[in-house]
Amino acid sequence: MQKLERIGKYTLNTLDRIYYHIVGVIIKIILLFRRLRTFEREKILPIFERRGVSIKDYTILKLQISSLIFFLVVAACAFDFLSYSRALVLSVISGSYSLYVIFTQLKLNFDKDYHAYRDFFLGYLAISILIFIFSRFSGVEGHRRYIYTMLFSLIIAVAFSVFLKKRYGRNYTYGEVLESGNVAIVKSSYDLLSGVKPGLFPVVNTAKAKKGDRVKVRVESGFFNLRGSKPVEILEVVKNG
């Protein structure tokens with residue numbers, strides 16, 4: 001009986017230490033992200049703003065970098081290029097930061113389109129984990145494991161891309177008119193839903209939009225859409241400048 005009590009107390013004490021350790025790590029990560037947020041707001045963001053990068057594009061850039069790091073770390077571990085211990089530390093940091101940005105800054109900056117962007121980046125993280133699980137627990141050994149894992153990665157990535165396009169895809173985007181005329185120059189931010197990359201685009205100005213107007217722009221997509229969709233025509237003026 002006493003032995004069982006000692007085992008019970010030891011187990012409870014161990015779980016208690018683990019709990020407080022996890023809580024301590026979470027608090028440290030939150031404090032780190034807050035300090036990083038203050039640093040980037042004061043030092044980094046002004047650099048991008050001077051280059052004409054919008055807060056939306058800046059947010060997407062951060063998520064692209066952090067989620068790519070997460071994917072590379074998980075993939076490196078899956079293919080035995082990185083140890084479990086190092087992969088765990090790097091994936092927790094990059095993954096936690098990605099989640100932090102997704103549920104705070106992304107939600108703040110993308111409003112109505114937030115769910116599409118959230119699903120995209122959460123899906124990206126989930127695919128990375130699924131690739132690791134498949135590579136480690138598929139039961140395939142040797143060089144075939146790498147080949148099958150790459151095939152699995154391609155299939156799941158294509159399937160996820162098709163799912164997003166079916167659910168959220170659209171053939172228009174929004175932008176700001178920088179130069180008016182029969183052919184206007186429109187500045188567009190990154191738009192996942194239409195596949196448009198940030199940049200300046202000459203478009204047909206059938207809506208007679210003026211400089212400073214926020215406009216809805218029709219886009220055209222290629223078959224594989226590797227270079228992104230191309231804005232081609234102003235459909236309507238959403239907000240006068």
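What covers the buried residues of helix α5? The structure is a predicted model, and in it the cover over the buried residues of α5 includes α2 and α4. The buried positions themselves are R145, T149, S153, I156, F160, L164 and Y168. The paragraphs below take these helices in turn.

Helix α5 runs over residues 143–168. Its 26 residues should span 38 Å at 1.5 Å a residue, and its end C-alpha atoms are indeed 38 Å apart, so the expected and actual spans agree. Helix α2, one of the elements that cover the buried residues of α5, occupies residues 55–78. With 24 residues, α2 reaches 34 Å from its first C-alpha to its last, close to the 34 Å expected at 1.5 Å a residue. Just after α2, D80 adopts a positive phi of about 70°.

The other named partner, α4, comprises residues 114–137. The axes of α4 and α5 come within 10 Å and cross at roughly 165°. Angles over 145 degrees count as roughly antiparallel, and α4 and α5 are therefore roughly antiparallel to each other. Their crossing is right-handed. On the side of α4, the contact is made by H115, A116, D119, F120, G123, Y124, I127, L130, I131, F134 and S135. From α5 come R145, Y148, T149, F152, S153, I156, A157, F160, L164, R167 and Y168. By character, the residues of this contact divide into 14 nonpolar, five polar and three charged.

Two residues of this contact may be followed individually. The place of A116 is in helix α4. Buried means under 20% relative accessible area, so A116, at 3% relative accessibility, counts as buried. Leaving aside residues up to four places away in sequence, A116 touches Y168, L192 and L193. The C-alpha atoms of A116 and L164 are separated by 7.7 Å, although these residues lie 48 residues apart along the chain.

Y148, by contrast, is situated in helix α5. Is Y148 buried, exposed or partly exposed? Its relative accessibility is 35%, and Y148 therefore counts as partly exposed. With residues up to four places away in sequence again set aside, Y148 touches F134 and V140. Between the C-alpha atoms of Y148 and F134, which are 14 residues apart along the chain, the separation is 8.9 Å. Both F134 of α4 and Y148 of α5 belong to the contact between the two helices.

Terms used:
Residues numbered from 1 in each chain as written. Predicted model: local features only at pLDDT ≥ 70, side-chain atom pairs only at ≥ 80, totals over all residues. Heavy atoms only, no water. Helix = DSSP H or I, 4+ residues; strand = E, 2+ residues; numbered from the N terminus. Expected span 1.5 Å × (residues − 1). Buried < 20%, exposed > 50% of the residue type's maximum accessible area, 1.4 Å probe, protein only. Contact = heavy atoms within 4.5 Å. Axes fitted to C-alpha atoms, helices over the stretch in contact; angles between N-to-C directions. Parallel < 35°, antiparallel > 145°, perpendicular 65-115°, else oblique. Left-handed = near helix turned anticlockwise from the far one by under 90°. Nonpolar A, V, L, I, M, F, W, Y, C, P; charged D, E, K, R; others polar.
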